[in-house]
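Trainee: I've got the model loaded and a coffee in hand. Can we go through the binding sites together?

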Amino acid sequence: MALPFFNKKTVSKDETGAIALPENLPQHVGFIMDGNGRWATKRGMPTKFGHREGAKNFKDLSLYCRDIGLRMPLLCFSTENWKRPQDEVDAIMDLFWDYLCDADQYLERRVRMVFVGDRSRLQDRLQKRMAELEHDSKDFEKMNLILAINYGGRDEIKHATQEIAKEVQTGVLSPESITEQTIADHLYTAGLPDVDLLIRPSGELRLSNYLIWQCAYAEYYFTNVLWPDFHANELNKALADYAQRGRRFGGI
Ligand code: IPE
Ligand code: IPE
Ligand code: MG
């Protein structure tokens, strides 16, 4: 299913067979993992069934991203998702736990795992496992897999502001010396590049407070496909779409 403008330099495979990828791939592709609930409802199943399927898809898709050389931040649970029924929140937290305990495929493939968001509200066992995985994968270079858990863009900026204010208070920084880079350096994503392409499946046309600073100049790709059905072939369509766009960053 190669598209006409594809350059055949990089060839990969998924369940649809050989697929050629465009030459100018984005480096940093963000995903909002949305539509799990609707996916389950369409099948007459409980929501947590959709989350399980979504997590499975995430595993497959992240390994595919690694193979084709993308870096990937993914929204797993937002600061706003605590508003959901307690049993759904519990089911999602249990899924994280299972997911984090089954991370060997990432470590074997030299994927660096990074977690962004406010961890303080998460279960101790999750916090501990996240720290272990970050530590064990810190020197891996094949991909940055960034998992946003209890993450909110405004919360992140508030947290960065508090950190900067403390440095001003203690005289480490002066107000005049604060630059955009200072702010970026105090975000949970410090040291990671901005998002080139942000993908949101499930038909919703919003950011939902995800990486609001880092997506300032991202390209956006929306599709009605629900997350559990967003497989490698759907990602390839998004990459092909991105490859056709002209990014100007305010220039000409
Ligand atoms: C997103 O799927 C997954 C999480 C919030 C963890 P949803 O549960 O929001 O799915 P829809 O939007 O209800 O279909
Ligand atoms: C985005 O989906 C959050 C996650 C994927 C974790 P939501 O379903 O929470 O977003 P809204 O409520 O539709 O904006
Ligand atoms: Mg949703």
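Trainee: Which side chain has an N or O atom 2.6 Å from an oxygen atom of ligand 2?

Mentor: Bear in mind that this is a predicted model. Take the side chains that reach oxygen atoms of ligand 2: for Arg84 the distance is 3.2 Å, and for Arg206 it is 2.8 Å. The 2.6 Å contact belongs to Ser208.

Trainee: How much of the accessible area of ligand 2 does the protein cover?

Mentor: On its own, ligand 2 has 380 Å² of accessible area. It sits in the largest pocket, with residues such as Ile32, Leu75, Phe77 and Arg200 among those around it. The share covered by the protein is 78%.

Trainee: Which element gives the largest share of the shell around ligand 2?

Mentor: The residues around ligand 2 include Leu75, Cys76 and Phe77. An element spanning residues 72–78 provides 3 residues of that shell, the largest share. That element is strand 4.

Trainee: How many of the residues around ligand 2 are charged?

Mentor: Look for Asp34, Arg84, Arg200 and Arg206 among its neighbours. The shell also has 5 nonpolar and 2 polar residues. The charged count is 4.

Trainee: Over to ligand 1. Which residue has a side-chain N or O atom 2.9 Å from one of its oxygen atoms?

Mentor: Watch the atom type here, as Gly37 also has a 2.9 Å contact, but through a backbone N or O atom. Asn36 uses a backbone atom as well, at 3.1 Å. The side-chain contact at 2.9 Å comes from Asp34.

Trainee: And what share of the accessible area of ligand 1 is covered by the protein?

Mentor: Ligand 1 has 380 Å² of accessible area on its own, and it sits in the largest pocket. Its neighbours include Met33, His51, Asn81 and Ile92. The protein covers 84%.

Trainee: Which helix gives the most to the shell around ligand 1?

Mentor: Asn36, Gly37 and Arg38 are among the residues around this ligand. The helix you want covers residues 36–42 and gives 3 residues to the shell, which itself divides into 3 nonpolar, 5 polar and 3 charged. That's helix 1.

Trainee: Last one: how far apart are the end C-alpha atoms of helix 2?

Mentor: Helix 2 has 22 residues, 47–68, so at 1.5 Å a residue it should span 32 Å. Just after helix 2, Gly69 takes a positive phi of about 90 degrees. The end-to-end distance agrees with the expected span, at 31 Å.

Conventions. Residues numbered from 1 in each chain as written. Chains lettered and ligands numbered in written order. Predicted model: local features only at pLDDT ≥ 70, side-chain atom pairs only at ≥ 80, totals over all residues. Heavy atoms only, no water. Helix = DSSP H or I, 4+ residues; strand = E, 2+ residues; numbered from the N terminus. Expected span 1.5 Å × (residues − 1). Near = heavy atom within 4 Å. Polar contact = N/O pair within 3.5 Å; in protein donor to acceptor, adjacent residues only side chain to side chain. Areas by Shrake-Rupley, 256 points an atom, 1.4 Å probe, with all protein chains shown as cover. 1 Å grid on protein atoms, 1.4 Å probe; cavity = no way out; pocket = protein on both sides within 12 Å on 5 of 7 lines; lining within 4 Å. Sits in = over half its atoms within 2 Å of the grid points. Nonpolar A, V, L, I, M, F, W, Y, C, P; charged D, E, K, R; others polar.
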